[in-house]
Amino acid sequence: MLNIGECVIYGSHGLCKVRDILVPSFLERGKEKQYYEMISAIDTGSILYVPVEGAEDKVREVIGADDAEGLIDDIEEVEEIFLPEGKKAEPAILEIIKRNMAEEMMGLVKSLRRIKAIREAEGKRFATLNEKYLNMAEKLLYTELAYSLETEKDFIKSRVLEELSELPLETA
């Protein structure tokens with residue numbers, strides 16, 4: 001069971017803090033059960049209600065500081081995610097975002113950033129859909145890493161982009 005004040009990763013909602021454990025007033029009489037009331041760090045002002053029962057399958061611990069540091073420092077070793085061309089990539093990307101596992105998210109960011117760099121080098125546009133998912137993946141990943149490393153999300157983003165800029169484009 002989670003504790004009040006604890007921060008966890010809740011799927012594609014990302015970093016959330018448990019604000020309370022309660023029986024919400026919106027439940028029907030006779031169907032009362034306990035919920036975690038969580039505040040999202042990603043979607044400011046958003047409050048999520050997660051049933052306590054079964055929550056262990058939907059939440060995970062935030063990555064530790066050493067692992068977060070290693071993920072950034074050893075980015076060249078993070079396996080890129082193979083993405084099919086065009087709209088066929090969407091289900092694969094959504095599945096990764098839904099799971100929201102830090103190393104896998106870094107692989108997705110790495111893949112999408114590489115595709116973007118190649119498209120730009122060829123004088124082509126980066127697909128709007130890919131841009132949307134890249135922004136979503138970066139927001140989720142960088143928020144978690146920033147929390148772990150007790151720093152700002154923008155600092156994490158600049159570190160990751162700097163590391164990625166040193167990698168060759170041909171890697172796949």
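The sulfur of C7 lies 8.6 Å from the closest cysteine sulfur, that of C16, and this is too far for a bond. In this predicted model, a disulfide would need the two sulfur atoms within 2.5 Å, and a search of the whole structure accordingly finds 0 disulfides. Seen from the other side of the pair, C16 is in no disulfide either, with the sulfur of C7 as its nearest cysteine sulfur at 8.6 Å. Both cysteines are nevertheless shielded from solvent by the 20% criterion: C7 counts as buried at 18% relative accessibility, and C16 is buried with a relative accessible area of 1%.

Stepping back to the overall layout, the chain has 5 helices and 5 strands. Along the sequence these elements follow the pattern β-β-β-β-β-α-α-α-α-α. The C-alpha atoms fill a box of roughly 60 × 35 × 25 Å along the principal axes. Of the 172 residues of the chain, 41% count as buried. Contacts across the sequence are also informative here: among those between residues at least 6 apart, 57% join residues at least 24 apart.

Within the strand part of the chain, S46 offers a useful local view. This serine is found in the loop between strand 3 (35–40) and strand 4 (47–51). Is S46 buried or exposed? With a relative accessible area of 17%, S46 is buried, since the limit for that class is under 20%. Leaving aside residues up to four places away in sequence, S46 touches M38, I39 and S40.

Attention then turns to the helices. Two packed helices are described by the angle between their axes and the distance between the axes. For helix 1 (residues 65–73) and helix 5, the angle is about 40 degrees and the axes are 9 Å apart. On the helix 1 side, the contact is made by E69, I72 and D73, which meet I156, R159, V160 and E163 in helix 5. By class, the residues of this contact divide into 3 nonpolar, no polar and 4 charged.

The loops between helices hold two backbone features worth a look. Most residues other than glycine have a negative phi. N100, in contrast, has a phi near 50 degrees, a positive value in a residue other than glycine. N100 sits in the loop between helix 2 and helix 3, and is buried, with a relative accessible area of 1%. A positive phi, again near 50 degrees, is found in E150, which is placed in the loop between helix 4 and helix 5. How does E150 come to be classed as exposed? The residue reaches 76% relative accessibility, and the exposed class takes values over 50%. The two loop residues thus fall into opposite classes, N100 being buried and E150 exposed.

The helices also contribute to the pockets of the model. Rolling a probe the size of a water molecule over the atoms shows where empty space is left. How much space lies in the largest pocket? The volume is about 510 Å³. The lining of this largest pocket is made of 24 residues, and P84, E85, G86, I115 and N130 lie nearest its centre. Helix 2 (89–99), helix 3 (102–121) and helix 4 (128–148) are the elements that give two or more residues to this lining. Which of the elements gives the most? That is helix 3, with 5 residues. In terms of class, the lining of the largest pocket has 13 nonpolar, 3 polar and 8 charged residues.

The second largest pocket holds about 220 Å³ of space. It is lined by 12 residues, of which R113, A117, L164, S165 and L169 are the closest to its centre. Two or more residues of this lining come from each of helix 3 and helix 5 (153–165). Helix 3 again has the largest share, here with 4 residues. The lining of the second largest pocket divides into 6 nonpolar, 2 polar and 4 charged residues. Helix 3 is therefore a recurring element in this description, giving the most to the lining of the largest pocket and the largest share to that of the second.

Technical notes. Residues are numbered from 1 along each chain as its sequence is written. This is a predicted model: local features need pLDDT of at least 70, side-chain atom pairs count only at pLDDT 80 or more; totals for chains, interfaces and linings use all residues. Side-chain values use heavy atoms; hydrogens and water are left out. On a 1 Å grid over the protein atoms alone, a cavity is a set of points where a 1.4 Å probe fits but cannot get out, and a pocket is an open set with protein on both sides within 12 Å along at least five of seven lines; lining residues have an atom within 4 Å of a point. Grid points are joined across faces, edges and corners, and a volume is the space filled by probe spheres set on the points. Ala, Val, Leu, Ile, Met, Phe, Trp, Tyr, Cys and Pro count as nonpolar, Asp, Glu, Lys and Arg as charged, and the others, Gly among them, as polar. Buried means under 20% relative accessible area, exposed over 50%, partly exposed in between (1.4 Å probe, protein chains only). Contact means heavy atoms within 4.5 Å. Axes are lines fitted to C-alpha atoms, for helices over the stretch in contact, and angles run from 0 to 180 degrees between N-to-C directions.
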